[in-house]
Amino acid sequence: MPARSGDAIRCPRCRRQLRGGSYSEVRLAICESCDGTLVRQRDLPSLLAKIATDLAGAIGAALDVPAVPDKGAGVSCPLCEQAMENHGYLSTRKVIIDTCSSCRAVWFDSEELARASILHVQAETGRPRPMFERVDVQAEQLWLASYQTQLLLRSRFSPGGLLVRSVHH
């Protein structure tokens with residue numbers, strides 16, 4: 001059933017209302033309950049670059065990024081309610097993102113945005129992954145990157161209010 005004008009835009013995972021705003025001038029929406037993030041596909045490279053820059057001091061660009069467990073397919077787009085498709089970010093299976101081919105929205109579950117930012121930096125810089133590094137150091141850096149991404153989103157997020165659908169003529 002299509003959404004009506006004025007309906008709340010809800011998280012595709014927990015169904016809580018998304019809060020719209022911006023992060024370093026990139027428009028996005030966050031779920032304050034499950035830490036998911038919604039962004040337009042055209043804004044994704046800019047958002048990942050900005051987050052990666054903000055995380056640079058906390059993580060090593062050569063960090064080996066293990067796969068994030070996927071929370072499953074079958075979610076509907078929060079913007080247009082069409083079925084979203086699963087894709088591996090940068091053609092890997094390390095971060096599985098949900099995309100909408102209808103309105104070009106991208107949904108990141110918690111932890112996916114931080115790891116996609118690390119992969120983005122690695123792809124942009126061409127830095128090789130380390131051959132050997134202690135597993136506990138890797139786990140600590142990944143946890144730190146995920147935690148700091150959520151802190152960054154919450155501290156630098158400029159709220160624009162709760163999102164509702166508008167009438168399109």
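Contact, in these legends, means heavy atoms within 4.5 Å. The model shown is predicted.

**Figure 1. The whole chain, with its 3 helices and 7 strands.**
Let's start with the overall layout before zooming in. Follow the sequence from its beginning and you will meet the elements in the order β-β-β-α-β-β-β-α-α-β. The chain has 169 residues, and 41% of them are buried. Among contacts with a separation of 6 or more, 66% join residues 24 or more positions apart. About 9100 Å² of the chain is exposed, and carbon and sulfur atoms supply 51% of that area.

**Figure 2. A close-up of the largest nonpolar core, a group of 21 residues.**
Val39, Leu44, Leu47, Tyr89, Val95 and Phe108 are the members that touch the most others. At least two residues of this core come from each of strand E2 (26–30), helix H1 (44–55), strand E6 (105–108) and helix H2 (112–125). Helix H1 is the top contributor, giving 5 residues. A separate, second core holds 13 residues, including Cys11, Leu38, Cys77 and Ala105. As background, nonpolar side chains in soluble globular proteins tend to be buried together.

**Figure 3. Tyrosine 89 and its contacts.**
Here is one of the core residues from the previous view, Tyr89. Which residues is tyrosine 89 in contact with, once neighbours within four places in sequence are left aside? The partners are Leu44, Leu48, Val95, Ile97, Ala116, Leu119 and His120.

**Figure 4. Leucine 90, in the loop between E4 and E5.**
Is leucine 90 buried or exposed? Leucine 90 counts as partly exposed because its relative accessible area is 44%, which falls between the 20% and 50% cut-offs. Setting aside residues up to four places away in sequence, leucine 90 touches Leu119, His120 and Ala123. Look for alanine 116 too: leucine 90 and alanine 116 are 26 residues apart in sequence, with their C-alpha atoms 8.5 Å apart in space.

**Figure 5. The second largest pocket, with a volume of about 160 Å³.**
In this view, 13 residues line the second largest pocket. Gln41, His87, Ile97, Thr99 and Val106 are the lining residues that lie nearest its centre. Strand E4 (85–88), strand E5 (96–99) and E6 each give two or more residues to the lining. What kinds of residue make up the lining of this pocket? The lining divides into 7 nonpolar, 5 polar and 1 charged.

Key. Residues are numbered from 1 along each chain as its sequence is written. This is a predicted model: local features need pLDDT of at least 70, side-chain atom pairs count only at pLDDT 80 or more; totals for chains, interfaces and linings use all residues. Side-chain values use heavy atoms; hydrogens and water are left out. Helices (H or I, at least four residues) and strands (E, at least two) are DSSP runs, numbered from the N terminus. Buried means under 20% relative accessible area, exposed over 50%, partly exposed in between (1.4 Å probe, protein chains only). Accessible areas come from the Shrake-Rupley method with a 1.4 Å probe; for residues, only the protein chains shown count as cover. A nonpolar core is a set of buried Ala, Val, Leu, Ile, Met, Phe, Trp, Tyr and Cys residues joined through side-chain atoms within 4.5 Å. On a 1 Å grid over the protein atoms alone, a cavity is a set of points where a 1.4 Å probe fits but cannot get out, and a pocket is an open set with protein on both sides within 12 Å along at least five of seven lines; lining residues have an atom within 4 Å of a point. Grid points are joined across faces, edges and corners, and a volume is the space filled by probe spheres set on the points. Ala, Val, Leu, Ile, Met, Phe, Trp, Tyr, Cys and Pro count as nonpolar, Asp, Glu, Lys and Arg as charged, and the others, Gly among them, as polar.
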